[in-house]
Amino acid sequence: MTRQGPINDIDESDLEVTHPKDYAAGVPAVLVSLQRGVEQMGALRTARTLTRLNQRHGFDCPGCAWPETPGHRKPAEFCENGAKAVAEEATLRTVTPEFFAEHSIADLDGKTDFWLGQQGRLTHPMVLVPGATHYQPIDWDGAYALIADHLTGLASPDEAVFYTSGRTSNEAAFLYQLMIRSYGTNNMPDCSNMCHESSGSALTASIGIGKGSVTVPDLENADLILIAGQNPGTNHPRMLSTLEKAKGNGAKIIAVNPLPEAGLRRFKDPQKVSGVIGHGIDIADEFLQIRLGGDMALFQGLGRLLLEGEDRNPGSVVDRAFVEEYCAGWDEYEKNIRAVDLDTVLEATGLTMSQLTETAAALARSERTVICWAMGLTQQAHGVATIEEAVNLLLMRGMMGKPGAGVCPVRGHSNVQGDRTMGIWEKMPEEFLAALDTEFKITAPRKHGWDTVDAIRAMNAGKAGFFMAMGGNFIQASPDTAATETALRQCELTVQVSTKLNRSHVVHGRTAIILPTLGRTDLDVQAGGKQLVSVEDSMSMVHLSRGRLTPVSPYLRSEVAIICQLARELLGNDHSVRWSAFEGNYDLIRDSISRVVPGCENYNTRVRRPDGFQLPHPPRDSREFRTHTGKANFGINELQWLPTPSGRLILQTMRSHDQYNTTIYGLDDRYRGIKGGRKVILVNADDITALGFDDGALVDIVSEWNAPDGTLEERRVTDFRIVSYDTPRGNAAAYYPETNPLVPLEHVAAKSNTPVSKAVTVRLEAAEPR
């Protein structure tokens with residue numbers, strides 16, 4: 001198969017700016033979905049894929065991790081960005097050995113990630129040998145032998161780094177960590193390190209488990225939903241249907257966000273008449289346009305106001321029975337929060353006193369409260385503490401372990417939560433490692449490994465010389481692009497298991513290998529017949545995914561097959577793990593998972609139920625809190641926020657509506673009124689004037705970072721267009737990965753080590769003529 005016509009690179013001079021939309025979805029979402037599908041797949045393949053997307057006998061969306069509708073599912077159980085994700089994966093365009101013969105590394109290095117991704121599906125294993133200018137074909141056995149030789153030649157297994165993206169299936173993730181631990185290291189950075197690691201750290205400390213406690217029915221039946229630092233219209237569009245149902249049941253929704261996002265304003269469900277020709281439904285009842293980094297101050301300020309409400313009417317606000325029976329640290333929390341200065345809260349948040357008091361009153365009235373959040377909270381220096389403060393509000397009100405109430409960290413990638421459940425973590429607990437040892441007769445290493453930031457540091461320091469990625473685009477997903485690129489270029493061997501071409505294939509080690517794999521839409525046939533994989537969504541539901549499409553190349557292999565075949569080459573055919581059996585029959589993998597992973601007992605039977613099964617969550621299920629105190633813990637935190645220095649802005653990096661994570665689907669951010677380009681910075685109109693610029697001016701963005709040694713470090717990206725936008729004074733926003741170079745590798749959240757991509761101090765300089 002060949003690519004369908006030329007794909008041009010981005011010409012930012014074509015960029016147009018129009019008014020942002022005040023609603024999400026509607027007929028335009030349907031038309032864009034169909035257009036992208038037909039462009040990439042053709043009409044017949046589009047129909048075959050979209051009708052099976054997120055269906056019980058179909059395949060799971062390779063995009064976000066929002067749960068499918070329990071019980072009856074809609075005929076079109078997908079959103080616009082889900083349709084784009086499928087079109088990208090099921091495309092008929094292909095990247096063959098002839099493509100690599102035509103394009104040198106130097107040529108590809110000059111292309112954007114958008115251009116690289118639009119070339120199509122990888123079809124053959126490829127290798128770049130030292131000194132070569134082009135990737136060349138290599139057979140699978142030769143690729144495995146080359147990888148195994150490098151790994152066995154290392155002085156220590158800890159000199160190897162194994163990365164995992166969130167789209168890997170449960171079965172592949174389980175075998176990947178098993179191979180890595182059998183080899184002898186826990187160096188398993190994954191995409192969670194860069195997104196919801198702060199959530200896991202905060203929730204584990206507060207309630208004893210790093211996962212959300214609510215289900216879709218809980219959200220639908222909540223009477224108050226607070227959505228902070230999240231843009232569901234672009235990042236989790238199917239969540240809007242859940243919010244619409246909650247509104248129909250009488251819920252009040254409060255949005256907390258620096259930007260007025262279309263999906264939190266109004267939703268027009270294209271599967272309903274009201275969403276096609278009507279107004280749709282207004283989602284947020286209140287919009288708190290908070291300053292970047294002010295969420296912790298907001299939650300602490302609300303805590304103080306709730307305590308004052310309890311003082312005025314004892315027993316009406318604080319759930320004393322819940323706090324006394326199930327919580328620890330209340331006295332310290334109460335003392336800390338009563339000392340919070342509300343004037344500081346107003347300064348840090350940019351909100352009014354009436355907004356604070358009205359929000360506190362809504363929390364006090366609510367009988368069923370859910371707090372949702374995403375990267376806007378986690379990618380702050382004080383992200384862990386911020387989430388602890390959000391949990392504190394729920395604990396004070398007894399909103400844990402009851403229907404319609406709890407915490408809802410909304411995960412981004414399709415199986416990022418499942419990867420962690422299956423053991424992809426550099427710090428897995430002893431219970432898991434001991435069960436792994438018993439099941440497979442191995443001795444898993446106990447020494448903690450490197451997360452993403454530490455892995456980049458290690459590669460730059462020469463402590464690691466091998467890097468393998470099971471999916472993803474490590475270069476573009478990671479912070480501090482220059483440091484990340486230097487890290488990979490210093491490796492002796494880099495290995496990418498991928499479906500599509502991306503920049504991580506262009507930035508390579510001394511030797512580089514590309515291993516093309518099946519996607520979730522592809523039919524997976526092994527020695528035991530057609531195979532199924534499973535995934536876990538944001539709400540701990542585990543369900544099956546069945547690919548149906550004929551793969552674009554006979555040389556593609558499943559992630560499971562790649563891992564098993566590499567493991568045999570690396571560990572030997574006499575290794576205690578039954579790699580060949582696992583490769584041929586994924587049910588055998590799930591049998592082992594059922595004996596190793598808590599909550600996965602009788603996996604094969606339960607996952608074949610119509611909606612799969614839900615993993616246990618002790619706080620939700622029985623108000624059991626497996627913390628060091630045996631109770632839910634109130635977090636005690638000193639108030640932190642980030643003032644805007646004079647003449648500077650605080651920048652958040654974000655997604656366009658035409659991308660998912662690092663994958664760029666197109667060049668139109670329809671909801672924000674940006675068309676035909678991506679190099680923009682959204683700035684408040686008064687800030688534009690105060691900084692001496694005009695709307696539409698071209699600028700360089702320079703980040704400023706005070707390093708631990710006291711030196712001021714600067715990083716620069718060039719030729720960005722200023723766009724006047726409704727954002728708080730002192731704040732700005734721009735798309736990643738274009739602005740990832742501005743995020744310092746050392747600027748990380750306390751406790752979680754998550755890069756701080758939502759609070760970067762920058763200045764703007766007029767762009768030089770180029």
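**Exercise 1. Burial of a ring pair**

Task: Decide whether F174 is buried or exposed, given its relative accessibility.

Solution. Step 1: the relative accessibility of F174 is 0%, so F174 is classed as buried. The classes are buried (under 20% relative accessible area), exposed (over 50%) and partly exposed in between, for a 1.4 Å probe and protein chains only. Step 2: F440 also counts as buried, because its relative accessibility is 4%.

The model is predicted, its residues are numbered from 1 along each chain as the sequence is written, and its side-chain values use heavy atoms, with hydrogens and water left out. Local features need a pLDDT of at least 70 and side-chain atom pairs one of 80 or more, whereas totals for chains, interfaces and linings use all residues.

**Exercise 2. Geometry of aromatic pairs**

Task: State how many aromatic pairs the structure holds, and classify the pair of F174 and F440 from its distance and angle.

Solution. Step 1: the structure contains 18 aromatic pairs. Step 2: the ring centres of F174 and F440 are 6.1 Å apart and their planes meet at 50°, so this pair is tilted. The criterion applies to rings of Phe, Tyr and Trp (its six-membered ring) with centres within 6.5 Å: planes under 30 degrees apart are stacked, over 60 edge-to-face, and the rest tilted. Step 3: F174 belongs to helix α8 (residues 170–183) and F440 to helix α23 (residues 430–440), and the pair links these distant parts of the chain, 266 residues apart. Helices (H or I, at least four residues) and strands (E, at least two) are DSSP runs numbered from the N terminus.

Step 4: the aromatic pair of W330 and F634 is edge-to-face, with 5.3 Å from centre to centre and 65° between the planes. W330 is in helix α17 (residues 330–338), and F634 is in the loop between β24 (632–633) and β25 (649–654), so the pair ties together parts 304 residues apart in sequence. Both W330 and F634 are buried.

**Exercise 3. Charges over rings**

Task: Identify which residue has its charged end over the ring of W115, and which has its charged end over the ring of F613.

Solution. Step 1: one aromatic cluster is formed by F99, F100, W115 and Y135. Step 2: over the ring of W115 sits the charged end of K111, 4.7 Å from the ring centre. The rule requires NZ of Lys or CZ of Arg within 6 Å of the ring centre and within 35 degrees of the ring normal. Step 3: over the ring of F613 sits the charged end of R606, at 4.1 Å from the centre.

**Exercise 4. The surroundings of I254 and T662**

Task: Locate I254 and T662, and list their contacts beyond four places in sequence.

Solution. Step 1: I254 is part of strand β9 (residues 252–256) and is buried, with a relative accessible area of 1%. Step 2: I254 and F287 are 33 residues apart along the chain, and their C-alpha atoms are separated by 6.0 Å. Step 3: outside its neighbours within four places in sequence, I254 is in contact (heavy atoms within 4.5 Å) with L224, I225, L226, I227, E286, L288, T359 and A362.

Step 4: T662 is found in the loop between β26 (659–660) and β27 (663–664); T662 is buried, at a relative accessible area of 11%. Step 5: with neighbours within four places in sequence set aside, T662 is in contact with D113, N473, Q476 and A477.

**Exercise 5. Helix α12 and the backbone**

Task: Find how many residues of helix α12 are buried, and name residues other than glycine with a positive phi.

Solution. Step 1: in helix α12 (residues 239–248), 7 of the 10 residues are buried, namely M239, L240, T242, L243, E244, A246 and K247. After α12 comes G250, with a positive phi near 100°.

Step 2: most residues other than glycine have a negative phi, and most peptide bonds are trans. S540 is not a glycine, yet its phi is positive, about 70°. S540 occupies the loop between β21 (533–536) and β22 (541–545) and counts as buried at 1% relative accessibility. D719 likewise has a positive phi, near 60°; D719 lies in strand β32 (residues 712–724) and counts as partly exposed at 22% relative accessibility.

Step 3: the peptide bond that joins Y736 and P737 is cis, with omega about 10°. P737 is in the loop between β33 (731–735) and β34 (760–766).
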